[in-house]
Amino acid sequence: MSDEIFYIEDGDGGFAIPCQLKIAADCVQVGEFCESKEDARHWAEEECWIFSGEWYLCVECNQQIMLNISKLQTKK
Ligand SMILES: [Zn+2]
């Protein structure tokens with residue numbers, strides 16, 4: 001059940017997890033390609049990507065969201 005995550009394949013048996021939002025200017029877009037899906041997930045977790053339950057979000061995009069939220073809050 002936990003294998004519902006979207007992976008990118010490099011065509012050579014490698015897997016990487018893409019950032020789902022890609023909204024930050026410095027978004028890394030795609031994680032490092034690893035030999036297995038498990039390793040790809042491990043990589044994302046090591047990089048502190050945010051896991052939503054279905055997809056991953058890179059640290060830069062998460063910061064961008066936080067920034068957007070704080071901007072909305074101050075606009076009141
Ligand atoms: Zn991102």
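1. A quick definition before anything else: a residue is called buried here if 20 or more other C-beta atoms lie within 10 Å of its own, and exposed if 12 or fewer do. By that yardstick, buried residues make up 17% of the 76 in the chain. Keep in mind that this is a predicted model.

2. On the overall layout: the chain has 2 helices and 4 strands, and reading along the sequence gives β-β-α-β-β-α. Its C-alpha atoms fit a box of roughly 50 × 25 × 20 Å along the principal axes. Of the contacts between residues at least 6 apart in sequence, 41% join residues at least 24 apart.

3. Now the core. The largest nonpolar core has 10 residues, namely F15, I17, C19, A40, A44, W49, Y56, L57, C58 and C61. Two elements, α1 (37-46) and β4 (56-57), each give two or more residues to this core. As background, nonpolar side chains tend to be buried together in soluble globular proteins.

4. Helix α1 has two sides worth looking at. A40, R41 and A44 are its buried residues; viewed down the helix axis they fall within an arc of 100 degrees, so they line one face. That buried set packs against β2 (15-16) and β4. Turned away from the buried side are the exposed residues E38, E45 and E46. Just after the helix comes C48, with a positive phi near 65 degrees.

5. Helix α2 (residues 59-74) is another story. Just 1 of its 16 residues is buried, so α2 lies largely in the open. Its length checks out: at 1.5 Å a residue the helix should span 22 Å, and its end C-alpha atoms are 23 Å apart, which agrees.

6. Have a look at C61 too, one of the core residues. Setting aside neighbours within four places in sequence, C61 is in contact with C19, L21, K22, I23, A24 and C27.

7. Last, A24, which sits in the loop between β2 and α1. Is A24 buried or partly exposed? It has 19 C-beta neighbours inside 10 Å, and burial takes 20 or more, so A24 counts as partly exposed. Not counting residues up to four places away in sequence, A24 touches E60, C61, Q63 and Q64. By contrast, A24 and E4 are 20 residues apart along the chain, and their C-alpha atoms are separated by 24 Å.

Definitions and conventions
Residues are numbered from 1 along each chain as its sequence is written. This is a predicted model: local features need pLDDT of at least 70, side-chain atom pairs count only at pLDDT 80 or more; totals for chains, interfaces and linings use all residues. A nonpolar core is a set of buried Ala, Val, Leu, Ile, Met, Phe, Trp, Tyr and Cys residues joined through C-beta atoms within 7 Å. Two residues are in contact if their C-beta atoms, placed from the backbone, lie within 7 Å. The expected span of a helix is 1.5 Å times one less than its number of residues. The arc is that of the directions from the helix axis to the C-beta atoms.
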